[in-house]
Amino acid sequence: MIEIKNLVKYFGDNPVLRGVNLTIQTGECIVIIGRSGCGKSVLLKQLVGLLYPDSGEILIDGEDLTQMSEQEIYKTRRKFGVLFQSAALFDSMTVSENISLGLHEHTDLPETEIAAIVESKLRMVGLPGIENLKPAELSGGMRKRVGLARALAMDPKYVLYDEPTTGLDPIMADIINEMIMRLNQELDVTSIVVTHDMTSAYKVADRIVMLHRGLIIYDGTPEQVKNTDDPVVRQFIEGRAEGPIKPIPTSGVGSGNRRSI
Ligand SMILES: Nc1ncnc2c1ncn2[C@@H]1O[C@H](COP(=O)(O)OP(=O)(O)OP(=O)(O)O)[C@@H](O)[C@H]1O
Ligand SMILES: [Mg+2]
């Protein structure tokens, strides 16, 4: 279980997270929605210790990440698989080398065993036999799935997906949705999915939360979200420019110089 308590994160005078409270139960698939720039990726990065909060607590299975030493954070990170927003594959390495990075870094497994793990993860994401290709030879959908295979390499307890379907055609997006659901159910992982894609959110989520102006302003099931009267959530899910959502201040932009949306 992950408990985020009063998480505050500023960049300069830009208040990205102003006191986020969120509990993620083991085994659930939670989707975080919110406008571009509202802090979704910043929130995910703090869960794996890639960014440090200004204040607040992040309890991973009861242990507070914000109180851990570098070494303890490094160990805790093994519980997580992350599919980064850009897939973040290393272009100079083969698919196999990309997937096995963490295994080489964190384990002493022999090469034959690592190769077997790579093979099984590639099969899991529907891309058997592409070990020796380079990322440049892959389509966007394939890159996402290789990123997912890498996220799964260490058999994580928690998988974080940052915009897993963005930029993919609707069918490939749905293949990714199905994978997220299958991994959640069959491998018993806890999934945290950040997305703007409401089709994906409705399909994969047990629970959807909305991040807005630094706070979680909504928490409900997909059915509740679809039927909500909350004007901010409605504006977001209907994708309307007009409504109560005010522009998010960006760093370096003073209050007298806000862009309207
Ligand atoms: N390393 C950083 N240094 C300074 N500001 C940052 C940094 N990372 C993020 N920010 C700022 O934090 C805010 C939130 O960024 P974040 O990437 O979390 O948005 P997001 O919700 O993931 O958006 P998108 O949906 O477009 O990916 C933005 O204003 C961004 O400029
Ligand atoms: Mg992001």
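**Helix H1, a cavity and a pocket between domains**

Just after helix H1, glycine 49 adopts a positive phi of about 75 degrees. This value, like the others below, comes from a predicted model. The helix that precedes this glycine spans residues 40-47 and is mostly covered, with seven of its eight residues buried. The buried set comprises Lys40, Ser41, Val42, Leu43, Leu44, Gln46 and Leu47, so a lysine is included along with the leucines under the cut-off of 20% relative accessible area.

Glycine 49 turns up again in the description of internal space. A single cavity of 30 Å³ or more is found in the structure, and the largest cavity encloses about 30 Å³. Its lining takes in Gly49 together with Gln46, a residue of H1. Leu51, Tyr52, Pro53, Ile58, Leu65 and Thr66 also line the largest cavity. By class, the lining of this cavity has five nonpolar and three polar residues, and no charged ones.

Open space can be considered next. The largest pocket has a volume of about 570 Å³, and 22 residues line it. Those nearest the centre of the pocket are Arg77, Phe80, Phe84, Gly102 and His106. Two or more lining residues come from each of helix H2 (70-77), strand S6 (80-83), helix H3 (95-106) and helix H5 (140-152). Among these elements, H3 gives the most to the lining, with six residues. The lining of the largest pocket also draws on two domains: at least three residues come from domain 1 (2-79 + 156-252), and at least three from domain 2 (86-154). In terms of chemistry, 15 of the lining residues are nonpolar, three are polar and four are charged. Charged residues are thus present in the lining of the pocket, whereas the lining of the largest cavity has none.

A few individual residues complete the picture. Asparagine 177 is part of helix H6, which covers residues 170-186. Is asparagine 177 buried or exposed? With a relative accessibility of 3%, asparagine 177 counts as buried, because the cut-off for that class is under 20%. The C-alpha atom of asparagine 177 is separated by 15 Å from that of leucine 152, and the two residues are 25 residues apart along the chain.

Aromatic residues offer a last point of interest. The count of aromatic pairs comes to one. Tyrosine 202 has a charged partner: the charged end of lysine 226 sits over the ring of this tyrosine, at 4.8 Å from the ring centre.

Note on methods:
Residues are numbered from 1 along each chain as its sequence is written. Chains are lettered from A and ligands numbered from 1 in the order in which they are written. This is a predicted model: local features need pLDDT of at least 70, side-chain atom pairs count only at pLDDT 80 or more; totals for chains, interfaces and linings use all residues. Side-chain values use heavy atoms; hydrogens and water are left out. Buried means under 20% relative accessible area, exposed over 50%, partly exposed in between (1.4 Å probe, protein chains only). Helices (H or I, at least four residues) and strands (E, at least two) are DSSP runs, numbered from the N terminus. On a 1 Å grid over the protein atoms alone, a cavity is a set of points where a 1.4 Å probe fits but cannot get out, and a pocket is an open set with protein on both sides within 12 Å along at least five of seven lines; lining residues have an atom within 4 Å of a point. Grid points are joined across faces, edges and corners, and a volume is the space filled by probe spheres set on the points. Ala, Val, Leu, Ile, Met, Phe, Trp, Tyr, Cys and Pro count as nonpolar, Asp, Glu, Lys and Arg as charged, and the others, Gly among them, as polar. Domain bounds come from an automatic or database domain assignment. Rings of Phe, Tyr and Trp (its six-membered ring) pair if their centres lie within 6.5 Å; planes under 30 degrees apart count as stacked, over 60 as edge-to-face and the rest as tilted. A charge sits over a ring if NZ of Lys or CZ of Arg is within 6 Å of the ring centre and within 35 degrees of the ring normal.
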